[in-house]
Amino acid sequence: MIRIFKISTYGFKNIEKTISLDFDNMTISRKSKNKQSIKAIYGYNGSGKTAYVSSIKLYKDIITNLNYLLYIDNILKLEKKINFKLNEFFFEIIFSFNNLKNIYKHSLLISKSDTSNKEAVGFHIEKEELFILKGNSINGEYENIFLINNGIIKINKIYNKLLILEQLFSKDELIFNPLANALTKYFILHKDDKNTLNLTLDENNLYQITSYKSVIKYINVFTQNSDLTTYLSSLKSDFELLIRNKDEYLMKTNDNLNYLLTLKRIKKEDYSSYLKLNLLLTNFIKVFKPSLKTILIDKKEEGSFYHLKQIFDYGDYKVDLEYESSGIKKLVDIYPFLKSAYDGNYVFIDEIDTNINEPYLNKLIEFLIKNKKGYLLFTCHNLELMRILKKETKSIVFFGDDNSVETRVKNGNSNPSNEYKEGLIINSPINIEDFDFLTSFINGE
């Protein structure tokens with residue numbers, strides 16, 4: 001079981017100051033359950049809502065993909081995504097993945113490389129750190145496990161079994177890969193070599209220093225521009241190579257197959273699982289469009305793979321998903337993420353209310369509040385949802401135009417929607433009148 005306590009970030013698009021959101025109790029107690037389970041972010045257009053969610057996806061992409069910072073496509077994307085004033089991206093996550101036995105804090109600082117250096121590649125990891133909590137307060141004191149500064153790694157001497165890592169990796173390796181990825185690459189290259197770190201690092205060592213790579217499997221992010229085919233790490237990842245007993249690792253891994261619904265090409269061995277998920281998707285779409293009979297699957301064989309196409313059957317006619325309405329497409333896109341939250345994962349969805357009928361969305365959120373096992377954060381503009389969310393702990397957050405964050409506290413029967421519209425939220429004044437649009441429509445006046 002994993003728990004995420006806090007995520008802080010800056011440097012992605014228009015986020016110039018640190019934005020932090022907590023997702024759990026700030027005081028650790030093995031007896032207390034997390035009172036939070038859902039969070040909605042409101043705010044101006046351009047206040048950083050999408051940027052916050054997208055920063056989580058960027059962190060996931062860097063941790064999930066080996067050599068992420070070395071690929072030209074990714075470098076070009078970062079050129080557009082990293083704040084042009086700061087030229088750096090910071091991300092920090094506080095988490096536990098072993099029933100609160102240990103609480104870890106992992107951080108990455110990605111900086112734009114000095115273009116005067118001919119050997120420099122667009123972006124590099126300026127700093128990576130991993131800490132362990134010493135007390136029982138999330139905002140309390142942490143002990144450093146390792147620090148990597150511009151590719152030079154320093155291990156806390158308390159963790160003497162890890163000191164071998166200081167001689168193992170070159171500076172270039174740790175500038176472009178987080179330590180967990182560098183270790184993954186090492187074990188891939190030396191998988192047939194008996195004289196590997198397996199002789200000096202036991203399983204607990206490996207789980208500890210690569211803990212953030214384990215946690216990332218439970219984080220799923222949907223943005224309007226997501227590459228849905230890579231939103232979730234496959235169950236059988238290269239990370240298995242980090243430990244000797246693969247069967248034991250697989251039992252500990254989050255068996256989340258919902259990502260199959262985002263694929264257009266799957267392995268034949270996954271087809272039966274895909275059909276089961278497609279049936280659930282059909283039932284989900286029927287709630288919004290009762291005239292749907294079923295979702296047919298048109299599959300074409302290619303070696304050990306199937307190429308898939310979803311056909312929506314309405315009885316009298318059939319429609320390829322490609323030609324369905326924007327609303328149906330949006331529902332198909334976000335369903336795997338909603339199912340993932342229902343199953344127990346942490347899910348982040350940008351603009352959940354786009355193209356979805358308001359009354360239906362409201363009932364969907366009510367259902368998830370009551371029944372999901374995981375955590376759901378989403379951005380939206382639907383003020384009616386505040387009526388449902390106001391009963392939940394720390395479930396409504398407002399982003400100001402200065403990167404400020406205001407988390408609403410329960411206040412009797414007060415209406416957060418009215419407070420927002422009347423400009424009563426700090427740093428979010430809604431001071432607009434209809435005549436403010438006058439100069440936008442009268443030419444030359």
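The legends below describe close-up views of a predicted model.

**View 1. The mixed six-stranded sheet.** Six strands make up an open sheet with mixed pairing, and their order is S9-S14-S15-S3-S16-S17. Strand S9 (219–222) and strand S17 (405–407) form the edges, each pairing on one side only. From one strand to the next, the twist averages 15°.

**View 2. Pairing of strands S3 and S16.** Strand S3 (residues 38–43) runs parallel to strand S16 (residues 396–399), and the two pair over four bridges. Within this pair, Gly-43 is found opposite Phe-399 of S16. In the sheet order S9-S14-S15-S3-S16-S17, strand S3 stands between S15 and S16.

**View 3. Helix H10 across the sheet.** Helix H10 comprises residues 326–343 and lies across S9, S14 and strand S15 (375–379). The angle of H10 to S9 is about 160°. One of the strands crossed, S9, is an edge strand of the sheet.

**View 4. Helix H1 and its burial.** The end C-alpha atoms of H1 are 23 Å apart. This agrees with the expected span, because 16 residues at 1.5 Å a residue should cover 22 Å. Helix H1 is mostly covered, with 14 of its 16 residues buried.

**View 5. Surroundings of Ser-55 in helix H1.** Ser-55 is located in helix H1 (residues 49–64). The relative accessibility of Ser-55 is 0%, so this residue counts as buried; the cut-off for buried is under 20% relative accessible area. With neighbours within four places in sequence left aside, the contacts of Ser-55 are Thr-9, Phe-12, Phe-89 and Phe-91.

**View 6. Positive phi at Lys-13.** Lys-13 is a residue other than glycine, yet its phi is positive, near 50°. Lys-13 sits in the loop that links strand S1 (3–10) and strand S2 (19–22). With a relative accessible area of 43%, Lys-13 is partly exposed; that class lies between the limits of 20% and 50%.

**View 7. Positive phi at Glu-351.** Glu-351 is not a glycine but has a positive phi of about 50°. The loop that holds Glu-351 lies between strand S14 (346–349) and helix H11 (358–371). Strand S14 belongs to the six-stranded open sheet, where S9 and S15 flank it in the strand order. The relative accessible area of Glu-351 is 27%, so the residue is partly exposed.

How values were computed. Residues are numbered from 1 along each chain as its sequence is written. This is a predicted model: local features need pLDDT of at least 70, side-chain atom pairs count only at pLDDT 80 or more; totals for chains, interfaces and linings use all residues. Side-chain values use heavy atoms; hydrogens and water are left out. Buried means under 20% relative accessible area, exposed over 50%, partly exposed in between (1.4 Å probe, protein chains only). Contact means heavy atoms within 4.5 Å. Two strands pair if DSSP finds at least two bridges between them. Axes are lines fitted to C-alpha atoms, for helices over the stretch in contact, and angles run from 0 to 180 degrees between N-to-C directions. The expected span of a helix is 1.5 Å times one less than its number of residues.
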